[in-house]
Amino acid sequence: MRILSITAQKPHSTGSGVYLTETVRGFKELGHTQAVIAGVTREDSVTLPEGVGFYPVYYNSPELPFPVCGMSDEMPYESTRYRYMKPDMVDKFEAAFGSTVLRAVKEFRPDVVICHHLYLLAAIVREKLPDMAVWGICHGTDLRQMYTNPLEHERIRRGIAGLNRICCLHAQQKMEIVSCYGAEPDKVCVVGNGFNSSIFYDKGERKPHDDIRIVYAGKISEQKGVFCLLRSLKYLGWQRERFSLRLAGGWNADQHRIAQKLIDDGGFDVTLLGPLSQTQLAEEFNRGDVFVLPSYYEGLPLVIAESMACGMKAVCTDLPGIRRQMEENLPGNGIVFIQPPAMIDADTPEPDSVEPFEKRIAAGIREAAAKERCVVSLQNLTWLGACRRILG
């Protein structure tokens, strides 16, 4: 099969970028011929498996004179928020990606086109290719944009409902897709996600140590719960020398400034690592004890399985679909789930619920730290398995 994968964002960066990159590798291993369309800048370095064609669409260019459009309002690189796009920006976005899609289809001749994110670009691709098999993959952030941002709503709903197949992360998300986009339920399939077991595994090199090493990986932003995590440290009740926190991930200038101030004011042993490669992140996980993901909103985060594969214990907010998916695929996982804060909207917690949430994060870390390490089978969460489910 000839597969053309499309994203409006940078591959490699963010969870959806990793998802695209890893599925491209998986499809190649399964013997499929591929090409990729992605939104990048001329300064970006994109590495894809040998033999995979690449059709870049350049942001910050005469054709597309603004930064990369980000599905999250806070991206780990300079980005444009969809909510602030004016009609002329949408026109330029459609012209740049639309012409590249038509060129790639003419030259590459795909059997199926797979669009990452059920949002504006997927709707445009459906319009441009009315007679082709066009599929979509939901990453969760697309739903959040639909809930919080009125940009091109009816056009997007119409385009997504017209896709031939929609892949999602878990059963709860399938229900949301049917409700939000009006998609036919039999077109929506649950495929989950995967992790790269050749990178993320327990190397058995974790040496005995007295301190408790806490790790977070993801965007450094309020929506990911990072600021709550930093404030939660004062509720641990541990002596400062007993623990450390390492934060892996990118940030924008405003989010970095806030995080750094919280670190300075707290006086705890906290290190901002910045963006890490997959190999570097696996090394951090192999040195750590407790992984914490305190997000307000998630699809199905890869980093939970990645951290546990490396021998860490995990703490995660109890968000829709995640507990069930983890219990089905990782029985006996030992993850400590904590109740998220009450939310005003998809990104904003009720002010009175923030401090109790921070105390629950601290309690979750203490509970996880006291647990024995769980040995779980991760066979159901390989990328090859996810790729086979995507292709049906």
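A cavity here is a set of points on a 1 Å grid over the protein atoms alone where a 1.4 Å probe fits but cannot get out, and a lining residue has an atom within 4 Å of a point.

The model is predicted, so local features need pLDDT of at least 70 and side-chain atom pairs pLDDT 80 or more, while totals for chains, interfaces and linings use all residues. Residues are numbered from 1 along each chain as its sequence is written, and side-chain values use heavy atoms, without hydrogens or water.

**View 1. The largest cavity and its lining.**
The search of the whole structure returns 1 cavity of 30 Å³ or more. The volume of the largest cavity, taken as the space filled by probe spheres set on the points, is about 80 Å³. Its lining consists of Ile6, Ala8, Gln9, Met71, Tyr82, Cys115, His116, His117, Tyr119, Leu120, Leu121 and Ala122. Two elements, β6 (112-116) and α3 (120-128), each give two or more residues to this lining. Helices (H or I, at least four residues) and strands (E, at least two) are DSSP runs numbered from the N terminus. α3 supplies the largest share of the lining, 3 residues.

**View 2. Strand β6 and its covered faces.**
In β6, 5 of 5 residues are buried, meaning under 20% relative accessible area with a 1.4 Å probe, protein chains only. In a regular strand the side chains alternate between the two faces of the sheet. One side of β6 carries Val112, Ile114 and His116, and the other Val113 and Cys115; all of these are buried. His116 and Cys115 also belong to the lining of the largest cavity.

**View 3. Cys115 between β1 and β7.**
Strand β1 (residues 2-7) runs parallel to β6, with 4 bridges between the two; strands pair if DSSP finds at least two bridges between them. Ile6 is the residue opposite Cys115 in this pairing, and Ile6 and Cys115 are both lining residues of the largest cavity. β6 is also joined by 4 bridges to β7 (residues 134-137), again in parallel. Here Cys115 stands opposite Gly136. From β6 the chain passes through α3 to reach β7, a right-handed β-α-β crossover (with the strands pointing away from the viewer, the path from the first strand over the helix to the second runs clockwise).

**View 4. Strand β8 with β7 and β9.**
Parallel pairing links β7 to β8 over 3 bridges, and Gly136 faces Ile166 of β8 there. β8 (residues 165-168) is covered on both faces, with Arg165 and Cys167 buried on one side and Ile166 and Cys168 buried on the other. β8 is further joined by 3 bridges to β9 (residues 188-190), and these two strands run parallel. In that pair, Ile166 is opposite Val188. Helix α6 (residues 171-181) completes a right-handed β-α-β unit with β8 and β9.

**View 5. The open sheet of 6 strands.**
Its strand order is β12-β11-β10-β13-β14-β15, and the pairing is parallel. β12 (270-274) and β15 (336-338) lie at the edges; each has a single partner strand, so one side of each lacks a neighbour in the sheet. Within the sheet, β10 (residues 212-217) and β13 (residues 290-293) pair in parallel over 2 bridges. Val215 has Phe291 of β13 as its bridge partner.

Definitions and conventions:
On a 1 Å grid over the protein atoms alone, a cavity is a set of points where a 1.4 Å probe fits but cannot get out, and a pocket is an open set with protein on both sides within 12 Å along at least five of seven lines; lining residues have an atom within 4 Å of a point. Buried means under 20% relative accessible area, exposed over 50%, partly exposed in between (1.4 Å probe, protein chains only).
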